[in-house]
Amino acid sequence: MIVSVSAAQSHAINPVTSVVFPAIMADVEEVEVVIAHHERATLRVGDVFLKIDADQTRTDIEVEAMAMAPIPTPEVLWRKPPVLALAALPGAALGRLGEPSTASPKAWAAAGAAVRMLHDAPLPPWPGRSLEEIASELDSECEWLVTNDVLPADLVARNRRIAEAALRPWTPVFTHGDLQIAHVFVDADEITGVIDWSEASQGDALYDLAILTLGHEEHVGDVVAGYGTDVELDVIRAWWSLRSLQAARWLIEHGFDPSSPGCEFAVLRSQL
């Protein structure tokens, strides 16, 4: 998913402009393509991740958000637009959407505690999307899913009704904005870092918790226990539906498959 930042908003962001760029990197056995599509690509070269983004505003946000976050984040090694070099994090991802997580309940609880630390931190100076923007995008995506026969109309309509519970006023907090479990790294049940901050902004705390637990409902209790306060589970469920409906077209158009087992379409069906 993509965060939209206006020119006026981008002036509130202080990008890192260092151009310390090594002429030659150490010998490596291979270059791994982590993710690649027409907007951005991430490569792993040894213990360095190279993020190449066509939109430098997203990179500005990522660098500034990592500098502000009170939880572990990757070390910025250097930046020379359009490339951002980050050090690899120790440990392994908490899991992957569509696959069972092998992480322990303690690791999931640690993730919840880290999210709470982030939400208690001072707000970033740039705002997130408004309720009106989210609702308008949701309606457009639902219409596209039905018009193009991607999903049955009744499945879309029922999840659209469930999503309505998320469209309520909230007190903004510092949100990661794309807190997939693949972005949270753990080692020995401790959080070693959180990656991919390009969608960080002021937002709804329950949105982060929902994205973290998307497709892994069995770990909601562990995350909430670590988070340390009661949450509205119906709103988390609403964000599951909303996220899955909104993300489908982008995923399809960028070569991903939301119909894979355990992924977005499975989440929509499980909501019923």
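Helix axes are lines fitted to C-alpha atoms over the stretch in contact, and the angles between them run from 0 to 180 degrees between N-to-C directions. In this predicted model, that convention describes the packing of helix α3 (residues 105-119) against helix α7 (residues 220-227): their axes come within 6 Å and cross at roughly 45°.

## Overall composition

The protein chain contains nine helices and 10 strands. Of its 272 residues, 48% are buried. Among contacts in the protein chain with a separation of 6 or more, 72% are between residues 24 or more positions apart.

## The α3 and α7 helix pair

Two packed helices are described by the angle between their axes and the distance between the axes. Angles under 35 degrees count as roughly parallel and those from 65 to 115 as roughly perpendicular; α3 and α7 are therefore oblique to each other. The crossing in which α3 passes α7 is right-handed.

On the α3 side, the contact involves P105, W108, A109, G112, A113, V115, R116 and H119, and these meet D222, V223, G226 and Y227 in α7. By class, the residues of this contact comprise seven nonpolar, three polar and two charged. Helix α3 also lies across strands β8 and β9, running at about 50° to β9.

## The five-stranded sheet

Strands of a sheet pair through backbone hydrogen bonds, either parallel or antiparallel. One open sheet in the model is formed by five strands in the order β1-β2-β3-β5-β4, with antiparallel pairing. Its edge strands are β1 and β4, each of which pairs on one side only. From one strand to the next, the twist averages 20°.

Strand β5 (residues 83-87) has five of its five residues buried, so β5 is largely enclosed by the rest of the structure. V83, A85 and A87 point one way from the strand, whereas L84 and L86 point the other way, and all are buried.

On β5, the pairing with strand β3 (residues 48-53) is antiparallel and extends over five bridges; here I52 stands opposite V83. Strand β4 (residues 76-80) also runs antiparallel to β5, joined to it by four bridges, and W78 stands opposite A85. A hairpin of two connecting residues links β4 to β5. The loop between β4 and β5 holds P82, and the peptide bond joining P81 and P82 is cis, with omega about 10°.

At the edge strand β1 (residues 31-36) lies V31. Leaving aside neighbours within four places in sequence, V31 is in contact with L43, R44 and V45. V31 and G46 are 15 residues apart in sequence, and their C-alpha atoms are 7.5 Å apart in space.

## The three-stranded sheet

A further open sheet has three strands in the order β6-β8-β9, with antiparallel pairing. Strands β6 (92-93) and β9 (190-194) stand at the edges with a single partner strand each, so one side of each is left without a neighbour in the sheet. Two bridges join β6 to strand β8 (residues 184-187), and the two strands run antiparallel. Within that pairing, F185 in β8 is the bridge partner of A93.

## Residues with positive phi

Two aspartates outside the glycine class adopt positive phi: D149, at about 55°, and D189, near 65°. Both are found in loops, with D149 between α4 (131-147) and α5 (153-163) and D189 between β8 and β9. The cut-off for exposed is over 50% relative accessible area, and partly exposed residues fall between 20% and that value. D149 therefore counts as exposed at 69% relative accessibility, while D189, at 34%, counts as partly exposed.

| Residue | Phi | Relative accessibility | Loop |
|---|---|---|---|
| D149 | about 55° | 69% | between α4 and α5 |
| D189 | near 65° | 34% | between β8 and β9 |

The loop that holds D189 thus belongs to the setting of the three-stranded sheet, since D189 is found between β8 and β9 and the strand order of that sheet is β6-β8-β9.

Technical notes
Residues are numbered from 1 along each chain as its sequence is written. This is a predicted model: local features need pLDDT of at least 70, side-chain atom pairs count only at pLDDT 80 or more; totals for chains, interfaces and linings use all residues. Side-chain values use heavy atoms; hydrogens and water are left out. Angles under 35 degrees count as roughly parallel, over 145 as roughly antiparallel, 65 to 115 as roughly perpendicular and the rest as oblique. A crossing is left-handed if the near helix is turned anticlockwise from the far one by less than a right angle, and right-handed if clockwise. Contact means heavy atoms within 4.5 Å. Ala, Val, Leu, Ile, Met, Phe, Trp, Tyr, Cys and Pro count as nonpolar, Asp, Glu, Lys and Arg as charged, and the others, Gly among them, as polar. Buried means under 20% relative accessible area, exposed over 50%, partly exposed in between (1.4 Å probe, protein chains only). Two strands pair if DSSP finds at least two bridges between them.
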